[in-house]
Each structure stands twice: as structure tokens, then as C-alpha cells.
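The following exchange asks why certain descriptive terms apply to a protein model. Each reply sets a value against the criterion for the term.

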Amino acid sequence: MTPSRASRLDDQVPFLARLEHQERVALLELGRPMKYSPRSVLVHQDEPSTHVMVILAGWTKVIHSAANGYEALLALRGPGDIVGEASAVSGRSRSATVAALGKVEAVTIERGRFLDHLAEFPATALQLLSLIGDRTQASDRRRVEQGALGVRERLSLLILELSRTHGVQDAEGVRLTTGLSQHELAGAVGASREAVARLLKELRERDIVRTSRRGLVIVRPDLLRRIGGGE
């Protein structure tokens, strides 16, 4: 039996959406608004934790760089998400870099004020704990998939997941709006860029997906699901 592949929604419920209106307002009033241009780095891996960020608009990628230069794409975070929360709570240095995929608007909250707020608003603290738990479970599922599934299956499932969270319907099919490169897709499935390039070529030749400067288009999601299931 293959590991669960569709039950990733819990960790995709943004932090702000978990809070009541009064809690959201109180949290956002703590910080200051910031704007970031595409490819800007919001936080750097290994730097001390000084603040958390709540994303209001735009999307970011969370990446971890290994000592040999390999970059793993850990997650995409968008409107309503919080980043930097784990290191803020633990007091440890940041475990990943967060960079803007496009234009991003966020609220930056100083770490001390954020921790004081959690002490004052236990309901917000519980929701943060729930979010961290959901993200940990999602990370565990991905690790199981990397051990149980081949690169072809993992890449197919990733493309399907991106179509649900970052897909728009057009005349050709479902177009992904993330703009992720082959290098970043490889980092997300734990493979080399060359392996991902070969698999995308195979999918194009079978007219399951199409690629262009505008991005990747899923033409046959039914066949991707079959591939993801090991067929």
C-alpha cells in the first residue's frame, strides 16, 4: 500500500485562517508592513532568530542548503502563512532560507513581542502549536514517500499537488503559476536536476504535460495520478 498522498491539506491551512478575527488583528498590530521584490530573501538559513513574518500577499519558497551545495525545496508559503515561527519559539538559528517567488507583502514581528503575545493569547499559541504539528506530519509523509516511491512517482505527485494549490485552468489544461525551475522541482522530490529533466521530457513526449516560457501545463492529470500510484 502506498503512503497517503492526498491528505496534505492540514499543513496548507494558513496560520491567519486558524485564528479568530480579534486574534488576527491583535497579532498583525504587533508588526510593521514590509514589501519584497521577486527573488528577495526574507530570512537566511543559520542566522539568529530575531523576528517572525506573516505573509499577506504573494508566495515564497522555503529551502534548505546542504554543505555540498544541494538545495532542498521544503515548502511553499503564501497569504496568511507564518514563517520563522519554529526558530522564534525554540531560540535556535533558522533552519532554512525563505525567498520570494514574486512580489511579497508581509508583516514583520519582533521575536520578543511575538513570544509575549503568545503568552497573552493562549488560543493563538495553541493554533501555532497545531500548525507546527501539521507541518511536522507533512514533512514526515514526504520522508516516507521518498523511501517508498521512485522519483517518477514523487514528481508526478508533486505536480498534481501544485496543480491543486497553484494551478489555473486555461485552454491547454491546468497551468502551474509557481514558476519553479527544474532545479527547484528536483530539490522538492529529492532527485537530481538531470533526473527531473529526463522525466519531464518523457511526460512531454506522452503529452501528459507541456512546457513553455509561460510555465508547465498539465494536460492529462488522470495519467499523472496513475503514474503516481505506481502504474
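Q: What does UniProt list for residues 15–114?
A: In this predicted model, the stretch corresponds to an annotation in an unreviewed UniProt entry, "domain: Cyclic nucleotide-binding". Annotations of this kind may be inferred rather than shown by experiment. Over residues 15–114 the chain is 22% helix and 41% strand, and the C-alpha atoms at the two ends are 14 Å apart.

Q: How do you know which strands stand at the edges of the sheet β1-β8-β3-β6?
A: The sheet is open, and its four strands, in the order β1-β8-β3-β6, pair in the antiparallel sense. β1 (32–36) and β6 each pair on one side only, which makes them the edge strands.

Q: What makes β3 and β8 count as paired strands?
A: The criterion is at least two bridges between the strands. β3 and strand β8 (residues 104–110) have six bridges, in the antiparallel sense, so the criterion is met. Among the bridge partners, Val-54 is matched with Val-107 and Ile-55 with Ala-106.

Q: Why do β3 and β6 also count as paired?
A: Strand β6 (residues 82–83) forms two bridges with β3, again antiparallel; at least two are required, so the pair qualifies. Val-54 has Ile-82 as its bridge partner in β6.

Q: Why is strand β3 called mostly covered?
A: A residue is buried when its relative accessible area is under 20%. In β3 (residues 51–57), five of the seven residues are buried.

Q: Why is Lys-61 called buried?
A: Its relative accessible area is 15%, and the limit for a buried residue is under 20%, so the term applies. Lys-61 belongs to strand β4 (residues 60–65). Beyond its neighbours within four places in sequence, Lys-61 contacts Leu-73, Ala-75, Leu-76, Thr-97, Val-98, Ala-99, Leu-101 and Glu-184.

Q: What makes α7 largely enclosed by the rest of the structure?
A: Six of its eight residues are buried, and therefore the helix is described as largely enclosed. The buried residues are Glu-184, Leu-185, Ala-186, Gly-187, Ala-188 and Val-189. Their cover includes β4, β5 (71–77), α5 (122–148), α6 (151–166) and α8. After α7 comes Gly-190, with a positive phi near 70 degrees.

Q: Why is α7 called roughly perpendicular to α8?
A: Helix α7 (residues 182–189) and helix α8 (residues 193–205) pack at an angle of about 105 degrees, with their axes 8 Å apart. Angles of 65 to 115 degrees count as roughly perpendicular, so the description holds. Gln-182, His-183, Leu-185, Ala-186 and Val-189 of α7 meet Arg-193, Val-196, Ala-197 and Leu-200 of α8. By class, this contact has six nonpolar, two polar and one charged residues.

Q: Why does the term roughly perpendicular also apply to α4 and α5?
A: The axes of helix α4 (residues 111–120) and α5 cross at roughly 110 degrees and come within 5 Å. The range for the term is 65 to 115 degrees, so α4 is roughly perpendicular to α5. From α4, the contact involves Phe-114, His-117, Leu-118, Ala-119 and Glu-120, and from α5 Pro-122, Thr-124, Ala-125 and Leu-128. This contact has six nonpolar, two polar and one charged residues.

Q: Why are β9 and β11 regarded as edge strands?
A: They belong to an open antiparallel sheet of four strands in the order β9-β10-β12-β11. β9 (167–169) and β11 (209–212) each have a single partner strand, so one side of each lacks a neighbour in the sheet. From one strand to the next, the twist averages 25 degrees.

Q: How do you know that β9 and β10 pair?
A: β9 and strand β10 (residues 174–176) share three antiparallel bridges; at least two are needed, so they count as paired. One of the bridges joins Gln-169 to Val-174 in β10.

Q: Why is Leu-224 called buried?
A: Leu-224 has a relative accessible area of 0%, and under 20% counts as buried, so the term applies. Leu-224 lies in helix α9 (residues 221–228). Apart from neighbours within four places in sequence, its contacts are Ser-156, Ile-159, Leu-160, Leu-203, Ile-208, Val-209 and Ile-218. The C-alpha atoms of Leu-224 and Glu-153 are separated by 8.5 Å, although the two residues are 71 residues apart along the chain.

Terms used
Residues are numbered from 1 along each chain as its sequence is written. This is a predicted model: local features need pLDDT of at least 70, side-chain atom pairs count only at pLDDT 80 or more; totals for chains, interfaces and linings use all residues. Side-chain values use heavy atoms; hydrogens and water are left out. Buried means under 20% relative accessible area, exposed over 50%, partly exposed in between (1.4 Å probe, protein chains only). Contact means heavy atoms within 4.5 Å. Axes are lines fitted to C-alpha atoms, for helices over the stretch in contact, and angles run from 0 to 180 degrees between N-to-C directions. Ala, Val, Leu, Ile, Met, Phe, Trp, Tyr, Cys and Pro count as nonpolar, Asp, Glu, Lys and Arg as charged, and the others, Gly among them, as polar. Angles under 35 degrees count as roughly parallel, over 145 as roughly antiparallel, 65 to 115 as roughly perpendicular and the rest as oblique.
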